[in-house]
Amino acid sequence: MRVETIVVPDPGPGEAVVRIQACGVCHTDLHYKQGGINDDFPFLLGHEAAGVVESVGEGVTDVTPGDFVILNWRAVCGTCRACRRGRPWYCFDTHNARQKMTLADGTELSPALGIGAFAEKTLVAAGQCTKVDPSVAPAVAGLLGCGVMAGIGAAINTGQVGRGDSVAVIGCGGVGDAAIVGSRLAGAARIIAVDIDDRKLATARSMGATHTVNSRTSDPVEAIRELTGGFGADVVIEAVGRPETYRQAFYARDLAGTVVLVGVPTPEMTLELPLLDVFGRGGALKSSWYGDCLPSRDFPMLIDLHQQGRIDLGAFVTETIGLGDVEKAFARMHEGDVLRSVVVF
């Protein structure tokens with residue numbers, strides 16, 4: 001990874017140029033860096049961002065220059081079969097900018113998730129800009145652009161955690177901790193955090209977990225069952241994205257319970273489960289893509305809850321860094337030392 005000068009074109013129809021103020025270092029960027037998403041190099045990484053609209057192209061009416069926005073990678077089309085059925089969070093034709101940003105020599109860049117926000121400015125589809133209260137700190141607001149929204153949404157949107165439910169969250173990084181926050185917000189009575197790192201489990205408790213399980217020293221399935229009267233949790237959220245942890249989630253849920261996969265697997269991973277167990281246990285096996293969020297609905301709501309003190313989005317910001325420190329931030333992420341490093345411009 002290296003820092004380069006890039007060329008950002010003027011916005012065309014339906015596009016906007018955003019001056020980036022802060023961008024989180026997300027695990028998805030690391031997936032891009034390692035070739036785990038696709039091989040369309042070179043990438044312009046960064047997507048978990050907030051900033052100010054600098055200019056807009058023809059036909060853009062939802063945002064204007066000067067608006068403070070969170071960038072999202074689900075700019076819904078409004079016309080696909082999901083949107084027409086009133087389920088825009090499943091939109092099958094989300095928008096990105098049509099023009100390409102380039103290196104100084106003209107080499108076209110592939111922006112991560114259609115955003116590319118490890119830059120002072122970026123070009124996006126105007127629908128990728130969600131206007132929110134400008135009084136919130138950019139380093140906090142930007143986290144809703146990916147990881148925090150993915151976790152909270154996995155609980156409240158996909159898992160539909162309800163009052164009095166028992167919830168287990170396997171994997172207590174940024175997304176898992178956000179799922180804990182979402183479960184607490186939804187009124188879960190028991191929230192069980194599972195990880196192999198005691199430091200992460202301590203953080204999970206500070207986020208709202210009522211119980212913790214170190215799966216390096218305890219069988220997580222048995223532990224979750226013991227903590228739920230022998231039944232298993234109503235909702236189990238898998239925030240790791242590995243076959244072995246998914247199997248744990250599957251067997252740690254109650255009969256007719258729900259498993260939510262929000263951890264992102266890599267292409268070579270496969271899963272084998274006895275089909276009789278899938279049938280016999282009932283319930284639902286769901287994947288949560290971006291927390292099944294609708295940015296125009298969910299981002300302002302969560303910012304309001306943060307401003308009211310009902311959730312603490314700032315707790316996810318471990319450190320603020322400069323653009324040249326992103327490589328070190330990837331290393332710290334791999335070691336489990338941070339929830340989020342945030343690049344501040």
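**Entry 1: Phe 118**

I started with Phe 118, which is buried at a relative accessible area of 6%. A note to self before going on: this is a predicted model. I looked up where Phe 118 sits, and its place is the loop between strand 7 (110-111) and strand 8 (121-125). The 6% falls under the 20% cut-off, so I log Phe 118 as buried even though I found it in a loop.

What does Phe 118 touch, leaving aside its neighbours within four places in sequence? I listed Met 1, Cys 23, Gly 24, Val 25, Asp 29, Leu 44, Leu 45, Gly 46, Leu 323, Val 326, Val 343 and Phe 345. I then checked Cys 23 by C-alpha: it is 95 residues from Phe 118 along the chain, and the two C-alpha atoms are separated by 6.7 Å.

While in that loop between strand 7 and strand 8, I also stopped at Leu 113. Its phi is positive, near 55°, and Leu 113 is not a glycine.

**Entry 2: Ile 6 and the second largest pocket**

I moved to Ile 6, in strand 1 (residues 6-7). Buried or exposed? Neither label fits: Ile 6 is partly exposed, with a relative accessible area of 22%. Leaving aside neighbours within four places in sequence, I get contacts from Ile 6 to Leu 44, Met 101, Thr 102, Leu 103, Leu 109, Ala 119 and Lys 121. Leu 44 is on this list, and I had already met Leu 44 among the contacts of Phe 118. I also took the C-alpha distance from Ile 6 to Val 52: 19 Å in space for 46 residues in sequence.

Next I pulled up the second largest pocket, which holds about 620 Å³ of space. It is lined by 20 residues, and those closest to its centre are Arg 2, Val 3, Glu 4, Phe 43 and Leu 44. I sorted the lining by type and got 14 nonpolar, one polar and five charged.

Just before Phe 43 in sequence I looked at Pro 42, in the loop between helix 1 (27-33) and strand 3 (43-44). The peptide bond joining Phe 41 and Pro 42 is cis, with omega at about -5°.

**Entry 3: helix 5 and helix 4**

I checked the geometry of helix 5 (residues 174-186). Its 13 residues reach 18 Å from first C-alpha to last, close to the 18 Å expected at 1.5 Å a residue. Why do I call helix 5 largely enclosed by the rest of the structure? Because 10 of its 13 residues are buried. I wrote them down: Gly 174, Gly 176, Asp 177, Ala 178, Ala 179, Ile 180, Val 181, Gly 182, Ser 183 and Ala 186. The cover over these residues includes helix 4 (147-158), strand 10 (166-170), strand 11 (190-195), helix 6 (198-207) and strand 13 (233-238). Just after helix 5, I noted a positive phi of about 95° at Gly 187.

Helix 4 was the obvious follow-up. There, 10 of the 12 residues are buried, so helix 4 is also largely enclosed by the rest of the structure. Among the buried ones I see Gly 147, Gly 151 and Gly 153, along with Val 148, Met 149 and Ile 152. They pack against strand 4 (48-56), helix 5, strand 13, strand 14, strand 15 (284-287) and helix 10 (295-307). Gln 160 follows helix 4 with a positive phi, near 50°.

**Entry 4: the cores**

I asked which residues touch the most other members of the largest nonpolar core. Of its 83 residues, these are Leu 71, Ile 180 and Ile 237. Helix 4 gives the most to this core, with six residues. Another core lies apart from it, with 18 residues, among them Ala 223, Ile 224, Tyr 246 and Val 259.

Back to Ile 180, one of the buried residues of helix 5. Not counting residues up to four places away in sequence, Ile 180 touches Val 169, Cys 172, Ile 191, Ala 193, Ala 204, Met 207, Gly 208 and Ala 209.

**Entry 5: two last stops**

Thr 228 is in the loop between helix 7 (220-227) and strand 13. At 11% relative accessibility I count Thr 228 as buried. Beyond its neighbours within four places in sequence, its contacts are Ser 166, Ile 192 and Ala 233.

Ala 256, in strand 14 (residues 253-261), is exposed at 57% relative accessibility. Its phi is positive, about 65°, although Ala 256 is not a glycine.

Conventions. Residues are numbered from 1 along each chain as its sequence is written. This is a predicted model: local features need pLDDT of at least 70, side-chain atom pairs count only at pLDDT 80 or more; totals for chains, interfaces and linings use all residues. Side-chain values use heavy atoms; hydrogens and water are left out. On a 1 Å grid over the protein atoms alone, a cavity is a set of points where a 1.4 Å probe fits but cannot get out, and a pocket is an open set with protein on both sides within 12 Å along at least five of seven lines; lining residues have an atom within 4 Å of a point. Grid points are joined across faces, edges and corners, and a volume is the space filled by probe spheres set on the points. Ala, Val, Leu, Ile, Met, Phe, Trp, Tyr, Cys and Pro count as nonpolar, Asp, Glu, Lys and Arg as charged, and the others, Gly among them, as polar. Helices (H or I, at least four residues) and strands (E, at least two) are DSSP runs, numbered from the N terminus. The expected span of a helix is 1.5 Å times one less than its number of residues. Buried means under 20% relative accessible area, exposed over 50%, partly exposed in between (1.4 Å probe, protein chains only). Contact means heavy atoms within 4.5 Å. A nonpolar core is a set of buried Ala, Val, Leu, Ile, Met, Phe, Trp, Tyr and Cys residues joined through side-chain atoms within 4.5 Å.
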